[in-house]
6 protein chains.
Amino acid sequence: MTKNKIDKFGEERERLNQLVKKYAGVNSQRFLNIDWQVYKEGALDAKTKELMGLVSSLVLRCDDCIMYHLIRCREESVTDEELEETVAIGLIVGGSITIPHIRRIWDAWENMKQNNDI
Amino acid sequence: MTKNKIDKFGEERERLNQLVKKYAGVNSQRFLNIDWQVYKEGALDAKTKELMGLVSSLVLRCDDCIMYHLIRCREESVTDEELEETVAIGLIVGGSITIPHIRRIWDAWENMKQNNDI
Amino acid sequence: MTKNKIDKFGEERERLNQLVKKYAGVNSQRFLNIDWQVYKEGALDAKTKELMGLVSSLVLRCDDCIMYHLIRCREESVTDEELEETVAIGLIVGGSITIPHIRRIWDAWENMKQNNDI
Amino acid sequence: MTKNKIDKFGEERERLNQLVKKYAGVNSQRFLNIDWQVYKEGALDAKTKELMGLVSSLVLRCDDCIMYHLIRCREESVTDEELEETVAIGLIVGGSITIPHIRRIWDAWENMKQNNDI
Amino acid sequence: MTKNKIDKFGEERERLNQLVKKYAGVNSQRFLNIDWQVYKEGALDAKTKELMGLVSSLVLRCDDCIMYHLIRCREESVTDEELEETVAIGLIVGGSITIPHIRRIWDAWENMKQNNDI
Amino acid sequence: MTKNKIDKFGEERERLNQLVKKYAGVNSQRFLNIDWQVYKEGALDAKTKELMGLVSSLVLRCDDCIMYHLIRCREESVTDEELEETVAIGLIVGGSITIPHIRRIWDAWENMKQNNDI
């Protein structure tokens, strides 16, 4: 994922989030707020939480969720080795059905690194 | 989703359904027939059933299924508020992993309304 | 499910909910609060929302969630026919993998009716 | 699973199926009929179809469905090696999350063989 | 799927697999090796195993996995009837939520046949 | 989960694992070996990996897998707060459908602590 693609991913995400907020009732709004809070540093640091968000998204096989946490992982300075061990757990737990998503993880990661995007 | 996009979604769906029917054996044909019958008005009205089809598709995270039921919801005159409460149930039951699909729901719904498509 | 079993289901659920609350941080507490609010009457009535909760739980195949919503459905005076049409949508959407859960739905429903439990 | 347990599994299954049929509307009845037909010998033989039913049930992690197809596999004279290769595909596709179900498969299979149950 | 599309699918798959291997640790590498071995002829022939891989991918709803096994099914000379019966089992087990994937199966299959691709 | 229950869980698990190994072919054996290796300390420490195993098991809703990782978490001296934040991520990602499993997590955790089991 080149810088351009990450920017586009972020912009489209922001555009759609505005739409979601426009229609969201009070319960949905509260959920969206918690969804943000839960990854903030607490007893566990933010990096560990992002890796957890990533592995959860991987075993549930949600590309958009994976990409969001992958960008956050890079912001949290996750190393290649840490990412690989996280992906390996997702692969073993979730099976070969996760492989297409793992391909897209490394493709995006490689591009982020080549472009020193974040 | 503009009128054009809805039309294209419907046309592609129809083209592929013809292919499915071409290859379908008797059991598959019977299933496809039931799949149609089960949403018809009975003890519950058609609108309620479409909302059930939508929330089921949302928690199972199937975009094509969601889009089909969303178009049907609009045909059944579902209001913004009814759609929001249905989506909120799907969000709470299915978790943040459903959010990317919810973004696409509101994007399509907004477009349907702006174009007064159905 | 006899009255005795429903009572036990409710008591064990209550006991465990106390434990969950004991350990729950602020985000979990907020989630549990929304989880309650989202089924309250709004643009859609409570019965429709419970049927949605039931069909979502059925396609996701969670027995505890199914049983909770089934008890609530009976409290909301859902008829046999309404329940059957809801179950049929879950069966068609979710496939034969839902059948073991449907067996348990009707077993519990039959018992609730025989004992005029709620 | 001893002969006694298999008998009980079958009897309870039959009792609940009667309940399902009692409440089933026409669409549910039709589905239950197809669910039977689809495993009958056709272009593919019955044994292959039962192995497919088993691997599908394994990756979807439904114990009741697994046990039903396992009994049918034994009726179709599936060998240890054929069962192992089927289970291995389910394990690789579905990941370690399938292991608890695989444990129960071999426990039941071992008992079926020891008691020469079917 | 025309020959061109199959080629592109294969080439992109190969490009990404190279990336996966570049980053893969020893555990991931071992998994990828098993993922290949498990479909090789043994007590069950390769065709039967590919059909199992297909039906597993269908009920788990993974398009990339489906497409890989579909191409392999054609290489193993699976007939229309065998494919249809396999798809029908996936449809009944997994429900209507699998239909969008089944549409894409027949679209790809039709194209493979028209172009005598493999 | 009292000490007695944890012991029984471990013993039954061990008994069944012996059965799995008895029938396992070379691919299954290799998988089971990787499944062990992947949680060993590397770039990430063992505690972090067990928390990842737990959150993955929670969003995939596998009680046996959850219980195994919960016991391992206690062995790795996970604190109440660390467990709560991990569970909260699973709850938000996976939705209310995970709540029955979260109830069982805290019930087991409370018992482990009261009995100072590990």
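Chain C can be superposed on chain F by a rotation of 120° with 0.0 Å of shift along its axis, giving an RMSD of 0.0 Å; the fit is by least squares on the C-alpha atoms of residues with pLDDT of at least 70 in both copies. The two copies are therefore related as by a three-fold rotation axis. This is a predicted model, in which local features need pLDDT of at least 70, side-chain atom pairs count only at pLDDT 80 or more, and totals for chains, interfaces and linings use all residues. Residues are numbered from 1 along each chain as its sequence is written, while chains are lettered from A and ligands numbered from 1 in the order in which they are written.

Chains C and F also touch. Their contact takes 13 residues from chain C and 14 residues from chain F, where two residues are in contact if their C-beta atoms, placed from the backbone, lie within 7 Å. On the chain C side, helix H1 (3–23), helix H2 (26–37) and helix H4 (63–75) each supply at least two residues; helices are DSSP runs of H or I with at least four residues, strands are runs of E with at least two, and both are numbered from the N terminus.

The fold may be followed in chain A. Its secondary structure comes to six helices and zero strands. The radius of gyration of chain A, taken over C-alpha atoms, is 15 Å, close to the 13 Å that the globule rule gives for 118 residues, so chain A is as compact as a globular protein of that length. That rule is 2.2 Å times the number of residues to the power 0.38. Along its principal axes, the C-alpha trace of chain A spans about 40 × 30 × 30 Å.
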